[in-house]
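Grab your viewer and work through these short exercises on charged pairs and strand pairing. Try each one before you read its solution.

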Amino acid sequence: MDERFASSNLTLGQMNAIVKLLGGYERALSFLRGELLVVEPERKWHERDGIIYFSVASDGTTGEGWIKRLEDQGFNVSDYAQSVLRSPDFKPTKGVTRKIAIIRGTTWDDRDRTTKNIRAKASELGFTTPSGEVACLIRERFSDEEIKAMGLWWIVTMHEPIYVDGDPLLLRSDSDGAGSRLGTLYDRPGGGWSRGNGFAFEVPQVSGS
């Protein structure tokens, strides 16, 4: 194709949108003169075979500390999530880097997307159960917009359930319009989940890698 007509398939509206994204007419001219560079932002995660991967590192923050830390950053920590974080079963670590894998809810048909099947799939893939603090690290690491860019509404950290008032709870990061939130969901073996959920597990470190 003649490079002079590289924009031939773009509508006037699309071309106008590109100029706006560059910052207007003068900045578009600066771009054409090579004075303005457009750099694609580095993504905090990558995807392979339909599974999302990234790493997080712990720093010893306690559950109580996480409540303040997240709220100071503008996140809403639900009442039940606060109860989970204040539980003696919430165990912080320090200086531990973990590779996290998120399995998309679309991996299963709607009727098969149960807690039991999700954990079984993770085990089949060699993933392990993460700690509860991974949920806090995920919430802090990703904005709602970044979670949506993954194609997800919630990221549920599939840690061992922490009981509050007799109910087994899991921590989740929400991006579903309820505000930037760390919330909870029930952990029931036969319980069903939405297609928009992502399920976070830990990838074991390979010795010598």
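**Exercise 1. Find the bridge partner of Tyr-53 in E4, then work out how E2 and E4 run.**

Solution. Keep in mind that this is a predicted model.
- Start at Tyr-53: its bridge partner in E4 is Ala-101.
- Now zoom out to the strands: E2 and E4 run antiparallel, joined by 8 bridges.

**Exercise 2. Look for a partner of Tyr-53 in the pairing of E1 with E2, and describe how these two strands connect.**

Solution.
- Tyr-53 in E2 is the bridge partner of His-46.
- Strand E1 covers residues 46-48, and its pairing with E2 is antiparallel, over 3 bridges.
- The connection is a hairpin, with 2 residues between E1 and E2.
- Check the backbone in that turn: Asp-49 has a positive phi of about 55 degrees.

**Exercise 3. Decide whether Asp-59 and Arg-69 form a salt bridge, and say where each one sits.**

Solution. Side chains of opposite charge can pair when their charged atoms come close.
- The cut-off for a salt bridge is N to O within 4 Å.
- For Asp-59 and Arg-69 the N to O distance is 2.8 Å, and the pair is a salt bridge.
- Place the partners: Asp-59 is in strand E2 (residues 51-59), Arg-69 in helix H3 (residues 63-72), and they are 10 residues apart.
- Next, accessibility: partly exposed falls between the 20% and 50% cut-offs. Asp-59 has a relative accessible area of 37%, so it is partly exposed. Arg-69, at 23%, is partly exposed as well.

**Exercise 4. Trace the salt bridges of Arg-98, and state whether the residues involved are buried or exposed.**

Solution.
- Take Glu-133 to begin with: its side chain meets that of Arg-98 in a salt bridge at 3.1 Å, N to O.
- That pair links distant parts of the chain, with Glu-133 in helix H6 (residues 133-141) and Arg-98 in strand E4 (residues 94-104), 35 residues apart.
- Both Glu-133 and Arg-98 are buried.
- Arg-98 also has a salt bridge with Glu-202, at 3.5 Å, N to O.
- Glu-202 lies in strand E9 (residues 197-203) and Arg-98 in E4, so this pair ties together parts 104 residues apart in sequence.
- Glu-202 is buried, like Arg-98.

**Exercise 5. Put the salt bridges in context: how many does the whole structure have, and which residues join Asp-59 in one network?**

Solution.
- A search of the whole structure turns up 16 salt bridges.
- Through shared partners, salt bridges join Asp-59, Arg-69 and Glu-140 into one network.

Technical notes:
Residues numbered from 1 in each chain as written. Predicted model: local features only at pLDDT ≥ 70, side-chain atom pairs only at ≥ 80, totals over all residues. Heavy atoms only, no water. Helix = DSSP H or I, 4+ residues; strand = E, 2+ residues; numbered from the N terminus. Buried < 20%, exposed > 50% of the residue type's maximum accessible area, 1.4 Å probe, protein only. Pairing = 2+ DSSP bridges.
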